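Thank you all for making the time this morning. I would like to walk you through one structure, slowly, and I will begin as soon as it is on the screen.

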Amino acid sequence: MGRFENSVLLAVDVQNDFCPGGALAVPHGDEILPAINRLSPHFPIVVATKDWHPEGHVSFASRHDQEPGSTIRVDDLDQVLWPDHCIPQTRGAEFHPNFDTASVKLILHKGTKKDLDSYSAFFENDKETPTGLRYYLEGHGIRNVYLVGLAKDVCVFSSAMDAHELGFQTYLVTDGTRGVDVPEGSLKKAEDTMRDAGITFVTSEQLLS
Ligand code: VGL
Ligand code: ZN
């Protein structure tokens, strides 16, 4: 009966492309690894996601002859455009080499459809198509979701909001995540939205003391 009984550590997109030197680098993104590696052995289940996009993906600015950072409408959805990133079989799509994956039970690939993006680990960006993670977690009796990973204001944010809305007790581990803040202002907005929704912000030290 550990203290993280009925809890999952959800490590979102801890991939080279989101770390310094990567295609879509999150400032200081690699600084989250010590906290994640300290936490993961304490959890009965660790799930890690990978952003996993085919070439020519709808989220790539290059596909639309636009600059990264701009936003366009695609199929009635706002789509932020990014540099090409997380293409299977590239180094950028691999987990960061310092991510200790020994405790990872499930690796979930998301954003695999060429014409539909997926920020959240639970639903694709149409907010309808499930990834199946909800049923996996419910099948394991999980009630609490602790989030770490990248980026705080994009995929971690969407995953946290969905976890909360699906009825999981949801925690954001603040030293286990960093934001990209594209477009500018999105980091503060995401933090405020998560806090206002009732998501609990904790540090890894609080969790382990
Ligand atoms: C992400 C932008 C585009 C993320 C994924 O993992 O936060 N951000 N694709
Ligand atoms: Zn992506």
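Let me start with a question: is I199 buried or exposed? With a relative accessible area of 4%, I199 is buried, where buried means under 20% relative accessible area, exposed means over 50% and partly exposed lies in between, with a 1.4 Å probe and the protein chains only. This residue sits in the loop between helix 4 (186-197) and strand 8 (200-202), helices (H or I, at least four residues) and strands (E, at least two) being DSSP runs numbered from the N terminus. The C-alpha atom of I199 is separated by 38 Å from that of D65, and the two residues are 134 apart along the chain.

Before I go further, please keep in mind that this is a predicted model, in which local features need pLDDT of at least 70 and side-chain atom pairs count only at pLDDT 80 or more, while totals for chains, interfaces and linings use all residues. Residues are numbered from 1 along each chain as its sequence is written, chains are lettered from A and ligands numbered from 1 in the order in which they are written, and side-chain values use heavy atoms, with hydrogens and water left out.

Now to the metal. The zinc ion, ligand 2, has as its protein donors D51 (OD), H53 (NE2) and H85 (NE2), at 2.0 to 2.1 Å; donors here are N, O and S atoms within 2.8 Å of the metal (3.2 Å for Na, K and Ca), and since water is not among the atoms, sites may look incomplete. Along the chain, these donors follow the spacing D-x1-H-x31-H, and both D51 and H53 are buried.

Next, ligand 1. Among the residues that surround ligand 1 are D51 and H85, which we have just met, together with D13, F18, W82 and C155, counting a residue as near if one of its heavy atoms lies within 4 Å. An oxygen atom of ligand 1 lies 2.9 Å from a polar backbone atom of A151, and an oxygen atom of this ligand is also 3.1 Å from a polar backbone atom of C155. Taken alone, ligand 1 exposes 260 Å², and the protein buries 100% of that, by the Shrake-Rupley method with a 1.4 Å probe.

Finally, the cysteines. C155 counts as buried because its relative accessibility is 5%, and C19 is buried too, at 2%. How many disulfides does a search of the whole structure find? It finds 0, a disulfide being a pair of cysteine sulfur atoms within 2.5 Å. For C19, the closest cysteine sulfur is in C86, 9.8 Å away, and therefore too far for a bond.

Technical notes
Polar contact = N/O pair within 3.5 Å; in protein donor to acceptor, adjacent residues only side chain to side chain.
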